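Biologist: Please show me the model, and then explain the terms that are used to describe it.

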Amino acid sequence: MTDRPESRLSGKELFKSATKKVKMGKKLERVMKGDRSATSATSHDTSDVDGNKSPEPYSCTGDFEADYTELCNRAGLMEIPKVVPRPHRPGPPPPPDPKSATPMSQRESCKSARSTRMEKVEEPTSPVPSEQEEPPPTTYTTSDKFDYFKPKVQVELEKPEDKKSMTEVYIRGWKVDQKYIDIFKQCFPAADKLHTIDFWNVGLTDNTLAQFAAVASQCLNLRTVKLDGNPVPGEGFHQLIGEDSMIVSMSLRSCKITDKGAELIGKALSTAKTRNQSLCALNLNSNMITDAGACYIANGLRMNRTLLVLSIANNAIGDEAAKKFGEVLSRFALTHEEVVERRKVLSEKGAPDVRRSPISRRAESRDRPGSQSSRSQLDKSMAKSGRASSKAKKDKKEDDKKGKGKDDKWKKEPQRGASKANSLGFTSELQTETLGKASKGKGRQSGGKKGQGAGSITEAETPDILEIINPLLEEAERVDGELLIPGNRALINLNISRNRIGEAGLKSLLKGIQYQITLTTLGSRSGGTGLMRLSVQKNSFLPNHESYLKMQELMMTRDPLYKPPSKTPDEESTSQATGS
């Protein structure tokens with residue numbers, strides 16, 4: 001009987017607690033419904049805002065590291081290669097301080113300290129580390145484990161404290177795909193001081209190479225491009241050296257360039273109508289170029305007077321290409337297209353501004369049908385030349401009367417060069433033309449001295465500036481029905497070593513060098529000085545070949561770094577005795 005009321009009270013309490021829980025549950029459901037509706041409304045609003053507004057485009061600031069990181073984050077790249085300064089070899093260690101103790105004394109002091117320490121210690125203990133740590137290496141730098149192989153973008157800053165002074169970019173050994181090209185499209189043009197881009201083995205394709213060429217054209221100060229180790233199926237490297245390109249130096253080593261790519265590069269260097277006017281150095285070392293491709297490159301040198309250094313070493317070039325290079329270096333016959341373009345240029349420039357020899361003038365008049373207008377122009381020009389010659393004779397007579405005939409000594413010196421030219425089998429027309437030019441220049445200098453006053457600058461005092469003229473405007477010579485002009489003398493360094501050139505190609509190159517030396521001896525430098533360094537070693541001829549030894553002897557004195565051997569005291573005394 002006593003247990004019943006207790007059970008009833010417990011039931012009432014349970015009922016009350018259950019009702020309270022139900023009420024609280026309803027309240028919670030209402031609250032949760034309100035939260036869900038509020039969150040759904042806010043999310044709906046934000047989605048509307050995001051759908052209406054597109055992300056703002058990023059404008060680069062010129063700080064390559066900040067721009068590159070931000071654009072990589074926006075592109076959704078998971079692993080971003082770090083931008084690090086380019087490592088350099090450590091400098092030389094500082095000289096030892098004379099006040100510090102010598103190494104031997106330091107070792108002795110360390111030994112004495114260790115012996116006293118061991119005497120004091122009774123029980124064996126762990127070895128004491130040496131007080132002096134090993135100094136860091138001075139000839140190389142070290143990195144942590146695999147950090148060396150991680151993709152990086154190495155940069156060179158003009159001022160380390162200025163992040164906007166990036167001048168060089170180096171990427172080595174990791175693939176630069178379309179995502180990175182899109183990023184570099186925005187970063188590189190914003191770097192005002194960028195002048196060097198070096199992409200080694202970055203896996204370029206035809207598409208990425210074309211886009212890189214477009215980016216390079218937008219970089220105003222870019223002068224050096226190195227794409228070594230990037231074989232591209234289409235071989236479209238010529239896109240970097242178009243007519244409007246500003247690249248000065250380009251390296252394409254180990255790019256598996258065949259005759260197809262060599263043809264495109266040769267046409268980019270020059271044609272009868274177009275020519276590259278900025279590229280000074282081109283490196284095509286270690287490719288797959290044969291005679292056909294090398295002939296295309298040699299044809300590109302016909303009308304190009306800007307390229308100074310060319311390397312096509314370690315290819316498959318033979319005698320045919322060597323003969324073509326020898327022809328381009330000496331003198332060559334103009335093709336029909338080049339003759340037509342030459343006439344156009346001459347007509348646009350005007351006859352009075354062009355200096356041509358009477359022989360070439362008569363030769364050109366034979367090619368085209370005679371007309372009354374052309375004959376009248378020829379008569380006028382001949383009349384003008386006759387008047388000029390008579391006037392020059394009068395001036396010479398007056399100078400001789402006044403005692404200024406000092407040209408006899410000068411006239412005797414070029415005759416030595418003329419005899420040398422005759423011995424090599426060249427015509428005397430070049431001799432007369434160069435002598436005439438030199439005598440006219442000397443006459444101007446002597447005439448300028450008459451009117452020289454206080455503070456006046458004469459033509460004799462002004463330095464001689466060699467202007468690069470259009471090769472089609474150079475004086476031509478008619479030989480066996482062909483129009484010949486002087487070859488390329490702007491190229492000063494040619495490397496064709498480690499190829500397959502034999503004796504025939506070697507002789508053609510030697511003939512071209514002899515022709516250039518003859519023109520230099522005669523004082524004709526309007527087209528350049530000619531080759532100063534020629535590398536032909538390790539080809540298909542013996543090192544003791546007569547032509548090779550003669551070539552080495554001729555090129556030795558033309559090398560700007562050549563130093564003649566010092567004379568012994570006996571040789572100096574004999575030379576002084578012969579001079580006295």
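**Terms and their grounds**

Modeller: Of the contacts between residues at least 6 apart in sequence, 79% join residues at least 24 apart. A contact here means heavy atoms within 4.5 Å. The model is predicted: local features need pLDDT of at least 70 and side-chain atom pairs count only at pLDDT 80 or more, whereas totals for chains, interfaces and linings use all residues. Residues are numbered from 1 along each chain as its sequence is written, and side-chain values use heavy atoms, with hydrogens and water left out.

Biologist: How many helices and strands does the chain have, and what makes a run count as one?

Modeller: The chain has 16 helices and 13 strands. They are DSSP runs numbered from the N terminus: H or I over at least four residues for a helix, E over at least two for a strand.

Biologist: Why is Phe-188 called buried?

Modeller: Its relative accessible area is 0%. Buried means under 20%, exposed over 50%, and partly exposed in between (1.4 Å probe, protein chains only); Phe-188 is therefore buried. Phe-188 is found in helix 4, residues 178-190. Leaving aside residues up to four places away in sequence, Phe-188 touches Phe-64, Val-169, Leu-194, Ile-197, Phe-199, Val-215 and Cys-219. Over the chain, buried residues make up 34% of the 580 residues.

Biologist: Why does Phe-146 count as exposed?

Modeller: Phe-146 has 64% relative accessibility, so it counts as exposed. It lies in the loop between helix 3 (103-120) and strand 2 (152-157).

Biologist: What makes the nonpolar surface patch that includes Phe-146?

Modeller: Phe-146, Tyr-148 and Phe-149 make it, over about 470 Å². Patches consist of residues with over 30% relative accessible area and no salt bridge; nonpolar side chains (Val, Leu, Ile, Met, Phe, Trp, Tyr) are joined within 5 Å, like charges within 9 Å. Accessible areas come from the Shrake-Rupley method with a 1.4 Å probe, and for residues only the protein chains shown count as cover. The chain exposes about 37,800 Å², of which carbon and sulfur atoms supply 54%.

Biologist: Why is the pair of Glu-168 and Arg-86 called a salt bridge?

Modeller: The term requires a side-chain nitrogen of Lys or Arg within 4 Å of a carboxyl oxygen of Asp or Glu. The closest N and O atoms of Glu-168 and Arg-86 are 3.8 Å apart, so the pair meets the rule. The pair links distant parts of the chain, 82 residues apart: Glu-168 is in strand 3 (residues 166-172), and Arg-86 is in the loop between strand 1 and helix 3. At a relative accessible area of 15% Glu-168 is buried, while Arg-86, at 28%, counts as partly exposed.

Biologist: How many salt bridges does this rule give, and where are the partners Arg-302 and Glu-338?

Modeller: The count comes to 11. Arg-302 and Glu-338 form one of them, with their closest N and O atoms 2.7 Å apart. Arg-302 lies in the loop between helix 7 (291-300) and strand 8 (309-311), and Glu-338 in helix 9 (residues 336-349), 36 residues apart. Both Arg-302 and Glu-338 are buried. Lys-193 and Glu-158 form a salt bridge as well, at 3.2 Å between the closest N and O atoms.

Biologist: How do you know that strand 9 and strand 11 pair?

Modeller: Two strands pair if DSSP finds at least two bridges between them. Strand 9 and strand 11 (residues 482-486) have three bridges, in the antiparallel sense, so they count as paired. Ile-485 in strand 11 is the bridge partner of Phe-332.

Biologist: What is the order of strands in the sheet that holds them, and which are its edge strands?

Modeller: It is an open sheet of three strands in the order 9-11-10, with antiparallel pairing. Strand 9 (331-333) and strand 10 (477-479) are the edge strands, because each pairs on one side only.

Biologist: Which strands form the sheet with mixed pairing?

Modeller: This open sheet of 10 strands has the order 1-2-3-4-5-6-7-8-12-13. Its edge strands are strand 1 (82-85) and strand 13 (533-535). Strand 12 (residues 493-495) and strand 13 run parallel and are joined by three bridges; Leu-494 has Leu-534 in strand 13 as its bridge partner.
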